[in-house]
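Visitor: I should like to be guided through this protein, one question at a time. Where shall we begin?

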Amino acid sequence: MPQQPSVRVDAGWATDVGRVRDHNEDAALVTDSVFVVADGMGGHAAGEVASALAVDAVRRAADGVLLAPEGLVEAVEQANTAILRQMMNNPDQLGMATTLTGLALVWGGEGAQADSDERQPGPQWEVVNVGDSRVYRWFDGELVQVTQDHSEVGDLVRMGVITEQEARRHPARNIVTRCLGRLPADPVDSWSFAPTPGERWLACSDGLTNELVDEQVAALLGDGDDPQAIAEALVAAAVEHGGRDNVTVVVVFTAPTSD
Ligand code: MN
C-alpha cells in the first residue's frame, strides 16, 4: 500500500459575492489533498445548486482515500453525472451548469520526483479543468496559467482576434464552451506536476481574473507566507477593483518536505 506522500501542503481560501450580484454561485472545496473551485450558472438559484453538487461529488470521491492518477478527472466526471441526475429529478433546474477547476495530490504511478531522475511511484499534483475558472502556478516570482479557458473569448484570444485585456470586458465573456451538466459530458483537461517545495498554486473563479491582471495576481500570491491571508487579499483586491462577479480563490502551498 502506498504511504502518505512525503509532501506537506498548506492551503487557504476565500470567497465574496462581489458588489453587483445578489447571491454567490461559486463553491470551493479544501481538504488535506483536494483543492477545487466551481462557478455555477443557471437561473432560479440553480447555479449555486450546480456548483455545490459538483464540489460535493468531488469531496465524496476523494473522501478518506489518496486519489490515483486520473482520480480527480474521474471525480469530475462523477460530478457531471450528479448534476444531470439532479436536473432529471428537478426539471425547473434544467440548464444549470458549473465550471470546475483545481488540483489534487495523487499517488502517481509514473512518479517523477522533483529532486530525482528516478522514476518510481510517488506523490504528484493532478490539475483539472472544465470551463473558464483557472489554475495558476507561481514559483520564485513567476506566474504561469496552467489551465486553458473553455470560453468563447478564450478561443478569440488564442486565435489572436482579441487581447486578454479585451476579453475581460467582452460582451461574450460569460459564454463557456465546456462545463459540467451536459450530456454527453464535456472532456476534462488534466495535467500532472511533480510537487516542488516553494511553489504556490491558485485556483480561482473568473470573478478574480476579470478584475485583476496577472501581474497583480502574481504580486499578491507572492506576498507573505500565509495562504489564508493571501486568499483573502486576492478576493479583497478583486472586490475593490469592481467586484462585478462572485469571486472565489483557493491558495495552496507545496511546503518543504520534512522527514
Ligand atoms: Mn463567474
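Guide: Let us begin with a strand, bearing in mind that this is a predicted model. In strand S5, which spans residues 100–108, 8 of the 9 residues are buried, so the rest of the structure largely encloses S5.

Visitor: Which strand pairs with S5 over 9 bridges?

Guide: S5 takes part in an antiparallel pairing with S3 over 4 bridges. In that pairing, Val-37 stands opposite Thr-101 of S5. In another antiparallel pairing, Gly-108 stands opposite Gly-122. That partner, joined to S5 over 9 bridges, is strand S6, residues 122–130.

Visitor: Which element gives the most residues to the largest nonpolar core?

Guide: In soluble globular proteins, nonpolar side chains tend to be buried together. Here the largest nonpolar core has 29 residues, and Val-34, Val-58, Leu-72, Leu-100 and Leu-180 have the most contacts inside it. Two or more residues each come from strand S2 (26–30), S3, H1, H2, S5 and S6. The element that gives the most, with 8 residues, is H2.

Visitor: How many residues does the other core, the one that includes Leu-208, have?

Guide: This core lies apart from the one just described. Among its members are Leu-208, Ile-230, Ala-238 and Val-239. Its residues number 21.

Visitor: Is Leu-67 buried or exposed?

Guide: Leu-67 is found in the loop between helix H1 (46–61) and helix H2 (71–89). Beyond its neighbours within four places in sequence, Leu-67 is in contact with Val-34, Ala-61, Ala-62, Leu-72, Ala-104, Val-106 and Trp-107. A residue counts as buried when its relative accessible area is under 20%. At 8% relative accessibility, Leu-67 is therefore buried.

Visitor: How far apart are the C-alpha atoms of Leu-67 and Ile-230?

Guide: Ile-230 is one of the residues of the 21-residue core. Along the chain, Leu-67 and Ile-230 are 163 residues apart. Their C-alpha atoms are separated by 27 Å.

Visitor: Which residues coordinate the manganese ion?

Guide: The donor residues are spaced in sequence as D-x166-D-x38-D. Two of them link distant parts of the chain, 206 residues apart: Asp-39 lies in strand S3 (residues 34–41), and Asp-245 in the loop between H7 and S11. Both Asp-39 and Asp-245 are buried. At 2.1 to 2.3 Å, the manganese ion is coordinated through OD atoms of Asp-39, Asp-206 and Asp-245.

Visitor: Why do the buried residues of H6 line one face of the helix?

Guide: An α-helix has 3.6 residues a turn, so residues three or four places apart point the same way. In helix H6 (residues 214–221), the buried residues are Val-217, Ala-218 and Leu-221. They line one face because, seen down the axis of H6, they fall within an arc of 100°.

Visitor: Which backbone nitrogen does the side chain of His-150 reach?

Guide: His-150 is situated in the loop between S8 and helix H3 (152–158). Its relative accessible area is 4%, so His-150 is buried. Apart from neighbours within four places in sequence, the contacts of His-150 include Asn-129, Val-130, Asp-132 and Asp-189. At 3.0 Å, its side chain reaches the backbone nitrogen of Gly-131.

Note on methods
Residues numbered from 1 in each chain as written. Predicted model: local features only at pLDDT ≥ 70, side-chain atom pairs only at ≥ 80, totals over all residues. Heavy atoms only, no water. Buried < 20%, exposed > 50% of the residue type's maximum accessible area, 1.4 Å probe, protein only. Arc of directions from axis to C-beta. Donors = N, O, S within 2.8 Å, 3.2 Å for Na, K, Ca; no water. Pairing = 2+ DSSP bridges. Contact = heavy atoms within 4.5 Å. Core = buried A, V, L, I, M, F, W, Y, C linked by side-chain atoms within 4.5 Å. Polar contact = N/O pair within 3.5 Å; in protein donor to acceptor, adjacent residues only side chain to side chain.
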